[in-house]
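Before planning work at the bench, it helps to know how a chain is held together and where it opens to the outside. Please look over the sequence and the structure below before reading on.

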Amino acid sequence: MSRKAAVTTLLAALATLVGLLVAAPGQAVEAAAPTRIMALGDSITGSPGCWRALLDRDLRNAGHTDIDFVGTRTGDGCGFAYDGENEGHGGALVTAVADQNQLVGWLGATNPNVVLMHFGTNDVWSNRSTATILAAYGKLVDQMRANNASMKVIVAKIIPMAASACGECPQRVVDLNAAIPGWAAGKSTAQSPITVVDQWAGFATGTDTYDGVHPNASGDRKIANKWFPAVVSALNGTTPTSTTTSTTTSTSTTTTTTRTTSTSSPPVECGVSLRIVNQWPGGFSGEIEIRNGNATATKGWRVQFDLRAGMAVTQGWNGTFSQSGSTVTVSNASWNGAIQPLTSIKVGFNGSGDATGWVPPRPLCSLT
């Protein structure tokens with residue numbers, strides 16, 4: 001080989017090596033995707049589900065910025081910017097989601113790495129048995145693993161209920177929660193661990209909900225605190241430890257709690273009731289009462305509830321109404337956003353469809 005040919009060959013080899021070295025950083029960046037987290041459940045998770053906002057902020061404040069909350073639903077306002085995508089579906093039963101294979105499409109659209117599941121409140125309300133609920137849990141986990149064989153699943157012992165319309169619900173919740181750890185232990189695998197987070201312990205319906213079912217600001221804070229250590233473990237690549245008490249919070253969580261307490265936007269007490277006041281063939285009238293349980297007047301209010309399939313709001317008064325699918329949202333008009341302390345206002349609407357036998361689900365209410 002001539003000297004010129006040898007130099008040419010050497011230069012070509014060096015160029016190839018430089019090309020590989022230059023490409024490597026780009027390849028590393030491309031491979032490092034954020035961890036996708038799906039919050040799955042019903043209205044406690046979805047609307048407004050401000051515990052998700054608090055958890056997102058807590059994680060980022062603690063240095064876990066490479067995360068992406070995912071879901072086919074967008075988040076509601078919680079007083080500050082946050083990553084709000086989720087799979088919290090108001091009025092949903094976990095048994096119905098499993099029976100109808102709804103999760104398969106949600107997973108296909110978002111491809112999460114971690115799922116946080118607080119699900120079963122509406123099933124308890126509807127008197128679904130513990131065994132039936134756990135069977136639905138199992139089917140959903142199978143669908144998660146079909147989407148991602150290494151899925152990390154974090155399942156809640158659900159928060160307590162104290163609803164006057166369901167005297168048996170408190171014990172049904174206790175029965176379900178008692179069975180969840182055993183179910184999780186039998187379903188968990190090394191590749192796809194299932195972790196139980198005890199959202200029930202330390203949660204008081206009298207002070208942490210606005211209606212005996214849905215969390216208020218203090219309830220959202222407690223729920224976020226409970227999820228935090230398990231999610232951090234999942235992000236760090238370790239198997240989270242199941243919790244059975246309310247004392248498993250870290251120093252970073254406590255610090256964040258202090259900041260959040262001073263800036264938290266959602267008020268503590270918003271009471272709401274919904275009832276059918278009249279009905280006729282093909283139509284009905286409803287009434288919503290919104291109560292301000294705070295010591296100061298409100299600036300605005302918002303209520304959300306789900307109608308049965310085939311029902312729709314056709315006319316409303318004393319509020320601004322909108323409907324997407326079966327979900328109806330009503331917010332204050334320009335002149336009645338202020339509800340004085342410890343007083344209430346009423347909103348009315350007419351609807352189309354057959355309301356016979358329809359029992360209105362508990363609406364979600366928020367005040368600003």
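The report below goes from the overall fold to the disulfides, the nonpolar cores, the largest pocket and some unusual backbone points.

**Overall fold**

The structure is a predicted model, and its chain is built with 11 helices and 14 strands. Of the 368 residues in the chain, 47% are buried. Looking at contacts between residues at least 6 apart in sequence, 75% of them join residues that are at least 24 apart.

**Disulfides**

A search of the whole structure turns up 2 disulfides, and the table sets out the sulfur distance and the torsion about the S-S bond for each.

| Disulfide | S to S distance | Torsion about S-S | Handedness |
|---|---|---|---|
| Cys50 and Cys78 | 2.0 Å | -90° | left-handed |
| Cys166 and Cys169 | 1.9 Å | about 80° | right-handed |

The link of Cys50 and Cys78 is left-handed, with -90° about the S-S bond. Cys50 belongs to helix 3 (residues 50–61), while Cys78 sits in the loop between strand 2 (67–70) and strand 3 (87–88), so this disulfide ties together parts that are 28 residues apart in sequence. Cys50 has a relative accessibility of 6% and therefore counts as buried, and Cys78 also counts as buried because its relative accessibility is 2%. In the other disulfide, Cys166 is joined to Cys169, and both of these cysteines are buried. The torsion about the S-S bond of Cys166 and Cys169 is about 80°, which means that this disulfide is right-handed.

**Nonpolar cores**

Which residues have the most contacts inside the largest nonpolar core? This core has 37 residues, and those with the most contacts inside it are Leu40, Leu103, Met117, Phe119, Tyr137, Leu140 and Met144. At least two residues of this core come from each of strand 1 (35–41), helix 4 (94–99), helix 5 (102–110), strand 4 (114–118), helix 7 (130–147), strand 5 (152–157), helix 8 (169–187) and strand 6 (194–198). Helix 7 gives the largest share, with 7 residues. Leaving aside residues up to four places away in sequence, Met144 touches Leu40, Leu103, Leu107, Val115, Met117, Met151 and Val153.

Apart from this core lies another one, of 29 residues, and Ala53, Phe80, Ala156 and Ile223 are among them. Ile223 lies in helix 10 (residues 217–235), and with a relative accessible area of 1% the residue Ile223 is buried. When residues up to four places away in sequence are not counted, Ile223 touches Trp51, Ile159, Gln199, Phe203 and Pro215. One of these partners, Gln199, is 24 residues away from Ile223 in sequence, while the C-alpha atoms of Ile223 and Gln199 are 6.3 Å apart in space.

**The largest pocket**

The largest pocket holds about 1100 Å³ of space. It is lined by 42 residues, and the closest to its centre are Gly90, Gly91, Asn122, Asp306 and Pro361. Sorted by class, the lining of the largest pocket has 21 nonpolar, 16 polar and 5 charged residues. Helix 2 (43–46), helix 4, helix 5, helix 6 (121–125), strand 7 (270–280) and strand 9 (301–306) each supply at least two residues of this lining. Helix 4 and helix 5 thus appear in the lining of the largest pocket and also supply residues of the largest nonpolar core.

**Unusual backbone points**

Most residues other than glycine have a negative phi, and most peptide bonds are trans. Against that background, the peptide bond that joins Ser47 and Pro48 is cis, with omega about 0°, and Pro48 has its place in the loop between helix 2 and helix 3.

Where does Asn111 lie? Asn111 is found in the loop between helix 5 and strand 4, and although Asn111 is not a glycine, it has a positive phi of about 50°. With a relative accessible area of 34%, Asn111 is partly exposed. Asn127, which lies in the loop between helix 6 and helix 7, likewise has a positive phi, near 60°, in a residue other than glycine.

Key: Residues are numbered from 1 along each chain as its sequence is written. This is a predicted model: local features need pLDDT of at least 70, side-chain atom pairs count only at pLDDT 80 or more; totals for chains, interfaces and linings use all residues. Side-chain values use heavy atoms; hydrogens and water are left out. A disulfide is a pair of cysteine sulfur atoms within 2.5 Å. Helices (H or I, at least four residues) and strands (E, at least two) are DSSP runs, numbered from the N terminus. Buried means under 20% relative accessible area, exposed over 50%, partly exposed in between (1.4 Å probe, protein chains only). A nonpolar core is a set of buried Ala, Val, Leu, Ile, Met, Phe, Trp, Tyr and Cys residues joined through side-chain atoms within 4.5 Å. Contact means heavy atoms within 4.5 Å. On a 1 Å grid over the protein atoms alone, a cavity is a set of points where a 1.4 Å probe fits but cannot get out, and a pocket is an open set with protein on both sides within 12 Å along at least five of seven lines; lining residues have an atom within 4 Å of a point. Grid points are joined across faces, edges and corners, and a volume is the space filled by probe spheres set on the points. Ala, Val, Leu, Ile, Met, Phe, Trp, Tyr, Cys and Pro count as nonpolar, Asp, Glu, Lys and Arg as charged, and the others, Gly among them, as polar.
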